[in-house]
Amino acid sequence: MDLQFTQEELDFQSEVRDWLKENYPEDMRERHNNSPNGSISREEQMQWQVALYKQGWAGINWPKEYGGAEFSASKKYLFNKEMAAVNAPTVIAFGEKMVAPVIMAFGTDEQKEKYLPDILSSKVWWCQGYSEPGSGSDLASLKTKAEDKGDHYLVNGAKTWTTMAQHADMIFCLVRTSNEEIRQMGISFLLIDMHSPGIIVQPIVTLDKAPEGHQEINTVFFEDVKVPKENLIGEEGKGWTYAKYLLEFERGNGYSAGLYSSLEKIVDMAKTPTSGGEPLMEDSSFKEKLADVEVQINAMEATELRILGSLSAGQNVGPESSLLKTRGTEIGQLITELAVEAVDYYAIPFNNPGPGIGHNEPPIGSAFANTSAPRYFNYRKASIYAGSNEIQRNIMAKLVLGLT
Ligand SMILES: Cc1cc2nc3c(=O)[nH]c(=O)nc-3n(C[C@H](O)[C@H](O)[C@H](O)COP(=O)(O)OP(=O)(O)OC[C@H]3O[C@@H](n4cnc5c(N)ncnc54)[C@H](O)[C@@H]3O)c2cc1C
């Protein structure tokens with residue numbers, strides 16, 4: 001495996017860095033840094049994605065034939081690294097990184113034409129309708145029903161934990177079109193307009209008590225929702241195959257760049273003197289914890305580069321994506337724990353909205369106090385979503401290690 005980047009790749013990295021300096025608005029950066037769960041408003045998120053699109057940096061995984069940037073694995077890595085270094089908002093994955101590859105692989109020409117350009121240009125916001133009340137890890141037990149009514153399906157049921165459904169224009173859904181002995185065979189993959197009559201979105205309040213505007217997850221109810229037949233992806237009853245294909249993309253993200261950048265923030269926090277004491281950085285046991293996390297990120301980065309190597313050779317991410325998801329989220333959780341330790345008791349009033357933009361009063365305690373606890377609570381989710389880490393371990397045991 002050759003881990004050296006070429007001069008052309010390093011030049012590209014400088015170009016991204018310079019572009020971010022020029023184009024990542026300071027006020028958006030401030031809001032993003034201070035947001036309790038790292039999110040910004042729908043409008044700002046869209047504005048950011050459109051800026052990337054105009055620069056030709058949308059669809060970094062997409063082939064050129066669909067208008068994507070089609071970065072090589074190395075360029076993708078360097079691009080994500082620069083984005084993470086300045087904590088730029090990541091592209092909402094549901095459209096560009098999740099449903100788009102499924103449409104490209106299994107959709108009709110009409111579906112490609114209808115959906116892909118609007119995903120690329122961020123005109124349409126998507127959400128994911130897999131999980132249901134009672135069907136999470138055992139997803140094949142899902143019950144949301146799509147009845148064949150000739151030219152359309154009639155959908156009834158509920159999806160839950162649906163991230164940012166309140167913003168979405170479209171939802172890609174797994175629905176039951178028949179009851180088969182092998183449950184997976186009765187599942188189909190439907191694209192549903194979120195503005196259809198009969199769809200109700202109900203927010204779920206999370207542990208971080210995110211203030212209004214930062215709400216993250218929802219339950220989506222479907223009551224006699226009419227969905228045109230042309231919104232079916234591929235063949236009826238083959239949805240499980242498409243759903244599994246999508247999950248590889250959901251779990252195969254690079255983590256190390258973001259983790260390094262989060263760790264750097266902890267180092268900054270730990271350098272700030274505490275009231276009546278030495279900076280935490282002087283504490284050898286804390287320094288040991290920081291070093292331990294850094295070593296774990298180094299190992300993660302080496303694994304990502306190894307996987308990048310096989311991607312460059314034209315292979316899919318495959319079940320190794322479970323490994324990235326598990327380690328990436330575990331290390332991320334560790335970092336949020338260190339953040340709470342670093343700001344100490346200033347983490348307690350965790351729902352403090354904090355100083356507004358342009359506020360000139362110094363923050364009480366630490367500049368990081370407002371976000372440490374909400375992010376700690378919020379990030380508990382990471383070992384659950386996209387398939388819990390226990391389920392990922394089952395996948396690794398079976399498909400990576402060959403255990404039965
Ligand atoms: C913040 C957040 C956002 C989410 N966003 C979305 C979204 O946008 N769209 C969507 O469709 N879903 C979403 N999800 C749902 C997520 O995919 C499910 O929560 C997840 O698959 C687990 O399912 P469950 O919650 O039903 O837990 P369960 O499946 O009931 O699991 C409960 C516990 O049992 C363990 N467990 C279950 N089965 C096994 C097994 N066979 N072996 C070992 N341990 C097992 C699990 O690991 C877990 O700890 C989101 C979840 C969260 C927390």
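A helix here is a DSSP run of H or I that spans at least four residues, and helices are numbered from the N terminus. The structure under study is a predicted model.

**Exercise 1. Place Lys-112 in the secondary structure, and determine whether Lys-112 is buried or exposed.**

Solution.
Step 1. Helix α6 covers residues 109–120, and Lys-112 lies in this helix.
Step 2. The relative accessible area of Lys-112 is 17%.
Step 3. The cut-off for a buried residue is under 20% relative accessible area. Lys-112, at 17%, is therefore buried.

**Exercise 2. Describe the surroundings of Lys-112 beyond its neighbours within four places in sequence.**

Solution.
Step 1. With those neighbours left aside, Lys-112 is in contact with Tyr-66, Ile-103, Met-104, Gly-107 and Pro-117.
Step 2. Val-102 stands ten residues from Lys-112 in sequence, and the C-alpha to C-alpha separation of the two is 9.9 Å.

**Exercise 3. Characterise the protein chain as a whole by its secondary structure, burial, contacts and exposed area.**

Solution.
Step 1. Twelve helices and seven strands make up the secondary structure of the protein chain.
Step 2. The chain has 404 residues, of which 47% count as buried.
Step 3. Among contacts with a separation of 6 or more, 74% are between residues 24 or more positions apart.
Step 4. The exposed area of the protein chain is about 20000 Å², and 52% of it is supplied by carbon and sulfur atoms.

**Exercise 4. Establish which residues form the shell around the ligand, and where the ligand lies with respect to the domains.**

Solution.
Step 1. The ligand is surrounded by 19 residues, the closest being Ser-137, Trp-161, Thr-163, Ser-388 and Glu-390.
Step 2. By class, the shell consists of eight nonpolar, nine polar and two charged residues.
Step 3. Helix α12 (residues 389–400) gives the largest share of the shell, with three residues.
Step 4. Both domain 2 (126–237) and domain 3 (252–400) contribute residues to the shell, so the ligand lies between these domains.

**Exercise 5. Identify polar atoms of the protein that approach the ligand, and state how much of the ligand is buried.**

Solution.
Step 1. A ligand nitrogen atom lies 2.7 Å from an N or O atom in the side chain of Thr-163.
Step 2. For the side chain of Asn-394, an N or O atom is 3.1 Å from a nitrogen atom of the ligand.
Step 3. At Tyr-130 the partner is a polar backbone atom, 2.9 Å from an oxygen atom of the ligand.
Step 4. The ligand taken alone exposes 970 Å², and 66% of that is buried by the protein.

Methods:
Residues are numbered from 1 along each chain as its sequence is written. This is a predicted model: local features need pLDDT of at least 70, side-chain atom pairs count only at pLDDT 80 or more; totals for chains, interfaces and linings use all residues. Side-chain values use heavy atoms; hydrogens and water are left out. A residue is near a molecule or strand if one of its heavy atoms lies within 4 Å of it. A polar contact is a pair of N or O atoms within 3.5 Å; within protein, one must be able to donate a hydrogen and the other to accept it, and residues adjacent in sequence count only if both atoms are side-chain atoms. Accessible areas come from the Shrake-Rupley method with a 1.4 Å probe; for residues, only the protein chains shown count as cover. Helices (H or I, at least four residues) and strands (E, at least two) are DSSP runs, numbered from the N terminus. Ala, Val, Leu, Ile, Met, Phe, Trp, Tyr, Cys and Pro count as nonpolar, Asp, Glu, Lys and Arg as charged, and the others, Gly among them, as polar. Domain bounds come from an automatic or database domain assignment. Buried means under 20% relative accessible area, exposed over 50%, partly exposed in between (1.4 Å probe, protein chains only). Contact means heavy atoms within 4.5 Å.
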